[in-house]
Each structure stands twice: as structure tokens, then as C-alpha cells.
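Q: I am new to this structure and would like a close look at a single part of it. Please take one helix and follow it out to its surroundings.

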Amino acid sequence: MHAVVYHGPGSKSWEEVPDPRLVDEGDAIVRIDTVTICGTDLHILKGHVPTVTDGRVLGHEAVGTVEEVGPDVRTVGPGDRVLVSCISACGRCLYCRGGRYGQCIGGGGWILGHLVDGTQAEKVRVPFADTSTYGVPPGVSDEQVLMLADILPTGYEVGVLNGRVQPGDVVAVVGAGPIGLAAIVGARLVSPSRIIAIDLADNRLDSAKQFGADIGINNGRDDPVSSVHEMTDAPGGADVAIEAVGVPETFELCTRLIRPTGRVANVGVHGGPARLDLDVLWIRDITVTTGLVDTYSTPTLLKLLTSSQLDAGRFVTHHFTFDQFMEAYDVFSQSAQTGALKVVLTPDGAG
Ligand SMILES: NC(=O)c1ccc[n+]([C@@H]2O[C@H](COP(=O)([O-])OP(=O)(O)OC[C@H]3O[C@@H](n4cnc5c(N)ncnc54)[C@H](O)[C@@H]3O)[C@@H](O)[C@H]2O)c1
Ligand SMILES: [Zn+2]
Ligand SMILES: [Zn+2]
């Protein structure tokens, strides 16, 4: 089969690799029908995730059809359409028993396209298939469900739920890429009074408004701290700031955007340390949360998708076929020029 293979920082190719085989008794082999690229894949290609080694097949988001299952797999079988989630869960360890699948210590967690071969391929081996895949409900497209493999649970769990967004809150979302937009969509579910999107790119701020932000601030032109303070009640500041970029400046900005008792929910993947000005912050009763997505919200989000309360399809801006994978990476990585949010690839290019 063919797959996107990582060959060290800056190097990848769509090349021939051996077909995956069942290894453990709980594995499934899934034929990939729809797959996408994540901002985290771009971090890997920049060398920010050294645990990804030369020869690894990338990708941790897909919808596919089960071809084969190991003897321990009970709930999925050949022919089933499944969502392959970015997080695998052994289902048995302490963390999995608490719904914290991202921290699984039984061999799961974020492993696909990281520690084991991933989904940017014609087929993938999915470990712990019973507890790491979700059946695709009737009446929703593969493409919509694909958005639940990573971005929507990430924005909702690590942004909205960790940030404890309450009805009536003012929410600032820093970074309006797919993850920030997913946080905006997730925040809308709990009726905040105002969502303020902050980004350096005007096209991303336009998207943020289409996805439910009330106000966009370009922090390359305007000072977001004074703007947010001016538009909120005294003493000024957002109730929650969601960091969806992953650089020190934006994390530090979030700590300045919130009011006393406010929350900073960090979602971005950081490649280096960031500053925390405790000398100023200690007295303000603030909360800072971090997190790798667990995907415990996936069943909830699937219900919202089937009842049309969530429109996931609008994240998809570009379609490609598998043999155009390198072009898809270029378009996705040059989003300021291309306007790409999520790019979707299918074997024959059918959307
Ligand atoms: N915690 C998790 O479980 C998890 C899961 C998936 C992705 N992520 C991370 O979330 C982050 C966002 O992902 P994405 O796919 O949306 O990335 P992206 O690169 O598509 O979007 C980032 C956005 O931030 C904006 N930006 C960059 N620098 C900025 C600055 N200084 N001020 C304001 N805006 C700025 C960019 O213009 C862009 O719109 C990444 O770091 C990604 O790795 C985390
Ligand atoms: Zn991802
Ligand atoms: Zn586990």
C-alpha cells in the first residue's frame, strides 16, 4: 500500500510501504476512506515532536471501513464504517477507567501517527479497536464525522470544558485555526455572552465570525488586551481565554486577557517554555489548565452531529486524492495564502 512516511524534520513522502497486519488480539485493520492533516503533523515535520522517528506513517484522524479484526474484538467487525480517533484507549488502565484516554498507560493515548503507524495511508492497524473507534451513525457523511477525530473534541474538551465556560461568559479565543474555530463552535453550545477571536490573519478572523465569534481582533494591528478590557465590565477582561496557537506570546497574552478569577485554557502544543508572571497573577485567583484531548466527548458530539446541532462539514475547505497528498500538505501549511482550514483526502477524490 501507499502511505505518508516521515523521514525526519522537513522530510516526508507518499511512498510504498508494507500493508499493516493484525499484531495484538484487540487490533483492527481499517481501510481508509477519508483522512485529513492536523496542525500537529506540521509540528512533527518541524521536528517539534522528537518521539516521532524516521519511517513513521503520519496521521491520527480518519474514517474508514473495517477489513479484519483480531480475536478479542467484540463490537466492530468487517464492513463497519468507523471513526478512527486521534486517541486510542486500552479501556482497562486507571486513566481509561476515568475517561482520561489521552493519558492511557496501557498502550493507548496519542499513539497513531506518533508511536505507531498512522492513518495517512490506504490502511491502518488500529490497536484496542473496541475502545478506540466509534461507529459512524447513519445519515451523516464521512467528512463530517472526520472532524470529530480530533479538532472538535479538542476544542470542546481542552478549550471549553477545561476553561469551564459558563452561560453569559465572555470568551477570548486566541488563534482561529481549525482548533480555535472548533473551540468557538464548542463554546457556542453553552451560550456565552460574547466570543472574541484574536488572530494575526484577517482571513482567519473572517472564518471565526462565520463559525460564531462576535468580534475579531487582529493583534498585529490592535492591542487585544486594551480592546478586551474596554469592551467588558469593570474590572475588565474575559472570563475565559482559550490558547489555540502554541507559542509563548499567545499563552502570555491569554494570562493578560482574563479578569480576576478568570481561566486560561491552553490547547496549543508548545515546542518550548512560556512565561507565567506569578508576581502579577498570584493575587487574581486565576486558573490555568493544560491538556491533551481525551475524546471522552466524542459520543456527545456524534449525537449533536446526527441531530444537526453541530455543522462539522464547514471546516472542510479543500479536497484531494491520496496521490495528491504532498500538494494537500502544501495547501494546508500555507493557510494564510490558501485559506485552508481542513483538507480532506479520499482514495478517488470523491468528497
Ligand atoms: N491539546 C491538544 O490535544 C491538541 C490537539 C490538536 C491540536 N493541538 C494544537 O492546537 C494548536 C492550534 O492548532 P491549529 O490546527 O488550529 O493550528 P493552525 O496553525 O492552523 O492555527 C493557528 C492560528 O494561530 C494564528 N496565530 C499564529 N501566531 C499568532 C499570534 N502570535 N497571535 C495570534 N494568532 C496567531 C495563526 O494565524 C492561525 O490562524 C496547535 O499548536 C496544535 O498542535 C492541540
Ligand atoms: Zn491532531
Ligand atoms: Zn488505558
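**Helix α6 and its surroundings**

A: Helix α6 is mostly covered, with nine of its eleven residues buried. The model is a predicted one. The buried residues of α6 are P178, G180, L181, A182, A183, I184, V185, G186 and A187. They pack against two helices, α5 (151-161) and α7 (202-210), and against the strands β8 (170-174), β9 (194-199), β11 (238-243) and β15 (342-346).

The loop between α6 and β9 holds S191. Phi of S191 is positive, near 55 degrees, and S191 is not a glycine. Most residues other than glycine have a negative phi. S191 counts as partly exposed because its relative accessibility is 46%, between the limits of 20% and 50%.

Helix α6 also takes part in the surroundings of ligand 1. Both α6 (178-188) and α1 (39-45) supply at least two residues of the shell around this ligand. The largest share, three residues, comes from α1. There are 23 residues around ligand 1, and those that come nearest are D199, R204, V245, V267 and G291. Sorted by class, the shell has ten nonpolar, ten polar and three charged residues.

Three backbone contacts to ligand 1 can be listed. An oxygen atom of the ligand is 2.8 Å from a polar backbone atom of V245. For V293, the distance from a polar backbone atom to an oxygen atom of ligand 1 is 2.9 Å, and for V269 the corresponding distance is 3.0 Å. On its own, ligand 1 has 870 Å² of accessible area, and the protein covers 84% of that.

V245 leads on to T250, which touches V245 as well as V174 and E243, leaving aside residues up to four places away in sequence. T250 lies in helix α9, which spans residues 248-257. With a relative accessibility of 8%, T250 is under the 20% limit and therefore counts as buried. The side chain of T250 makes a polar contact of 2.5 Å with the side chain of E243. A polar atom of the T250 side chain also lies 2.9 Å from the backbone oxygen of V247.

Helix α1 leads to the zinc ion, ligand 2. The zinc ion is coordinated by C38 through SG, H60 through NE2 and D150 through OD, at 1.7 to 2.2 Å. The spacing of these donor residues in sequence is C-x21-H-x89-D. Two of the donors, C38 and D150, link distant parts of the chain, 112 residues apart. C38 is in the loop between β3 (28-36) and α1, while D150 is in the loop between α4 (142-146) and α5. C38 counts as buried because its relative accessibility is 4%, under the 20% limit. D150 is buried too, with a relative accessible area of 6%.

Two loop positions complete the picture. T295 lies in the loop between β13 (287-289) and α11 (298-306). Phi of T295 is near 70 degrees, a positive value in a residue other than glycine. T295 has 1% relative accessibility and so counts as buried, the limit being 20%. The other position is P235, in the loop between α8 (224-230) and β11. The peptide bond from A234 to P235 is cis, with omega near 10 degrees. Most peptide bonds are trans. Strand β11 leads back to the start, being among the elements that the buried residues of α6 pack against.

Methods
Residues are numbered from 1 along each chain as its sequence is written. Chains are lettered from A and ligands numbered from 1 in the order in which they are written. This is a predicted model: local features need pLDDT of at least 70, side-chain atom pairs count only at pLDDT 80 or more; totals for chains, interfaces and linings use all residues. Side-chain values use heavy atoms; hydrogens and water are left out. A residue is near a molecule or strand if one of its heavy atoms lies within 4 Å of it. A polar contact is a pair of N or O atoms within 3.5 Å; within protein, one must be able to donate a hydrogen and the other to accept it, and residues adjacent in sequence count only if both atoms are side-chain atoms. Accessible areas come from the Shrake-Rupley method with a 1.4 Å probe; for residues, only the protein chains shown count as cover. Helices (H or I, at least four residues) and strands (E, at least two) are DSSP runs, numbered from the N terminus. Ala, Val, Leu, Ile, Met, Phe, Trp, Tyr, Cys and Pro count as nonpolar, Asp, Glu, Lys and Arg as charged, and the others, Gly among them, as polar. Buried means under 20% relative accessible area, exposed over 50%, partly exposed in between (1.4 Å probe, protein chains only). Contact means heavy atoms within 4.5 Å. Donors are N, O and S atoms within 2.8 Å of the metal (3.2 Å for Na, K and Ca); water is not among the atoms, so sites may look incomplete.
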